[in-house]
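Visitor: Could you walk me through the salt bridges here, and how each label gets earned?

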Amino acid sequence: MNTMKLTELLLRLNRLKNIPRTGWLFCDISTMDVEDVAQHSFEVVSITMFLADELMKEGKKVNRERAISMAILHDWAESEVADFPYTAKKYLKPARAKERMEHDALVDLLKDLPEKEGYLKLWEEYREEKTAESKLVHAADLLSIMVQGIKYRERGIKSRGLNELWRAVKEDLKPYAEEFKIVGELIKELNSSFTSPSSF
């Protein structure tokens, strides 16, 4: 491997530590308190690992390593195009414009890596959301938003935007809750924490 090219890639991915998760800004979270993409990605990887482990305990066929790898790279393209909030997606035309942009950004990001095709296949599998592993990562992505939402609620944020985002995320999680029992159980626990008086 060309270490100079790898160094360049690492420096570009390091931007994720400085790119805010912009959706929180619409929930009245101050710019100083908004989590960055790298923080979110770490949490998604952790949740993915826990979900995969639980499913494997239940005897489900899940490729844990593949799911974790997918979770690690699922937001890499944002190091080139930044983060788009929920509210922006309806304005991105034509359909799947965001996915095409992120695909092109990832191609550019990985162009000098010998393993680029494998990483791109993982990302495409994540986007197509047909395998158990890709669905787990999508569920983990949304569950991470719930976890962070609770932390903001605990800090006294009671904005309309936060409540609307919470409802939207719960709605988006419904198909994963139907497919994976553990996801449904986590949603109930997280929702209870969010709505608990002690969170205000």
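Guide: Happy to. We're looking at K60 and E58 to begin with, and keep in mind that this is a predicted model. K60 and E58 form a salt bridge.

Visitor: What makes K60 and E58 a salt bridge?

Guide: Their closest N and O atoms are 3.2 Å apart. The cut-off is within 4 Å, so the pair qualifies.

Visitor: And why is K60 called partly exposed?

Guide: K60 has a relative accessibility of 44%. Partly exposed sits between the 20% and 50% limits, so the label fits K60. E58, at 35%, is partly exposed too.

Visitor: How do you know that E102 forms a salt bridge with R127?

Guide: The closest N and O atoms of that pair are 2.3 Å apart, so they pass the 4 Å test. E102 is in helix α6 (residues 97-110) and R127 in helix α7 (residues 116-128), so the bridge ties together parts 25 residues apart in sequence.

Visitor: Why is R127 called buried?

Guide: Buried means under 20%, and R127 comes in at 19%, so R127 counts as buried. E102 is buried as well, at 2%.

Visitor: What makes E80 and R12 a salt bridge?

Guide: Again the distance: 3.0 Å between the closest N and O atoms, so the pair is within 4 Å. This one links helix α4 (residues 78-81), home of E80, with helix α1 (residues 3-13), home of R12, 68 residues apart.

Visitor: Are E80 and R12 buried or partly exposed?

Guide: E80 is partly exposed at 30%, while R12 is buried at 10%.

Visitor: How many salt bridges does the rule give?

Guide: The count is 20.

Methods
Residues are numbered from 1 along each chain as its sequence is written. This is a predicted model: local features need pLDDT of at least 70, side-chain atom pairs count only at pLDDT 80 or more; totals for chains, interfaces and linings use all residues. Side-chain values use heavy atoms; hydrogens and water are left out. A salt bridge is a side-chain nitrogen of Lys or Arg within 4 Å of a carboxyl oxygen of Asp or Glu. Helices (H or I, at least four residues) and strands (E, at least two) are DSSP runs, numbered from the N terminus. Buried means under 20% relative accessible area, exposed over 50%, partly exposed in between (1.4 Å probe, protein chains only).
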